[in-house]
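Let's take a walk through this model together, starting with its empty spaces and working out to the whole chain.

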Amino acid sequence: MKRVFLLAALLLLSQPLIAATEGRFVQKNNMFPRVEITTTMGKIVIEMDRSKAPITVNNFLTYVMDDSYKGTVFHRVERDVENERDFVIQGGGYDRNYDGVYEGDPIFNESGNGSKNDMYSIAMAYQDRQPHSGTRQFFFNMDDNDHLNPGKDWGFAVFGMVMEGYETLDKIMQVETGFNEKIGYDFVPKTPVVILNMTVLEPTPL
């Protein structure tokens, strides 16, 4: 009998104790959920648009509800020096040691939804020119990046806008960056800018 109980206990321990809440169930009747992002340089509030980017919004919310963004960093703070303009702040894919973190299945690219990669919008990143490879990395547009919108080719799917915390993003944009040998990228902050928490806010009363 003891062996039966021991086996049952081992089976329970081998399974996740708490299943992550899927984003599609988070405020499922709210088309414009808001998330507060707390970073080491301040807070940012984004409002997402399920009417235009339901797949991308629900995917993002799944990672938020799983606390999966906690402790990740903004690994790319890129300025277009040649043209004297800011470009993007990208994060969500590495921890503060610049090790990659868990990625779910890639999602369909919703870049044709009519939303533009305008300044202070938030969009889904993808890898190696593969438009449907996006999983968890996202970026803030820090200028009107028209070349990231779809044309003959796929663009990058915008799924929300910054509502508060513009000054936080502006501060992050000013950090000193350089080449990081571990991940092989330029424009990496020399002092990590860390996402401390993400919280889904209560719906705004009409």
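Start with a small void: the second largest cavity holds about 30 Å³ of space. Keep in mind that this is a predicted model. Around that void you'll find E103, A125, Y126, Q127, S133, G134, T135 and Q137. Sorted by class, this lining has 5 polar residues, 2 nonpolar and 1 charged.

Now for the other one, since the count comes to 2 cavities of 30 Å³ or more. The largest cavity has a volume of about 50 Å³, and its lining is made up of T56, I107, F108, N109, E110, M124, Y126, P131, G134 and A157. Here the split is 6 nonpolar, 3 polar and 1 charged.

On to the packed parts. In soluble globular proteins, nonpolar side chains tend to be buried together. In this chain, the largest nonpolar core has 32 residues, and the members touching the most others are I46, F60, F138 and F140. Helix 2 (residues 54-65) gives this core its largest share, 5 residues. Apart from that core lies another one of 9 residues, including V88, A125, F139 and F156.

F140 is worth a click. Leaving out residues up to four places away in sequence, F140 touches I37, I44, I46, F74, F87, V88, I89, S121, I122, V162 and L169.

Finally, zoom out. The protein chain has 3 helices and 10 strands, running α-β-β-α-β-β-β-β-β-α-β-β-β along the sequence. Of the contacts with a separation of 6 or more, 67% join residues 24 or more positions apart. Buried residues make up 45% of the 206 in the chain. The chain exposes about 11800 Å², with carbon and sulfur atoms supplying 53% of that area.

Conventions
Residues are numbered from 1 along each chain as its sequence is written. This is a predicted model: local features need pLDDT of at least 70, side-chain atom pairs count only at pLDDT 80 or more; totals for chains, interfaces and linings use all residues. Side-chain values use heavy atoms; hydrogens and water are left out. A nonpolar core is a set of buried Ala, Val, Leu, Ile, Met, Phe, Trp, Tyr and Cys residues joined through side-chain atoms within 4.5 Å. Buried means under 20% relative accessible area, exposed over 50%, partly exposed in between (1.4 Å probe, protein chains only). Helices (H or I, at least four residues) and strands (E, at least two) are DSSP runs, numbered from the N terminus. Contact means heavy atoms within 4.5 Å. Accessible areas come from the Shrake-Rupley method with a 1.4 Å probe; for residues, only the protein chains shown count as cover. On a 1 Å grid over the protein atoms alone, a cavity is a set of points where a 1.4 Å probe fits but cannot get out, and a pocket is an open set with protein on both sides within 12 Å along at least five of seven lines; lining residues have an atom within 4 Å of a point. Grid points are joined across faces, edges and corners, and a volume is the space filled by probe spheres set on the points. Ala, Val, Leu, Ile, Met, Phe, Trp, Tyr, Cys and Pro count as nonpolar, Asp, Glu, Lys and Arg as charged, and the others, Gly among them, as polar.
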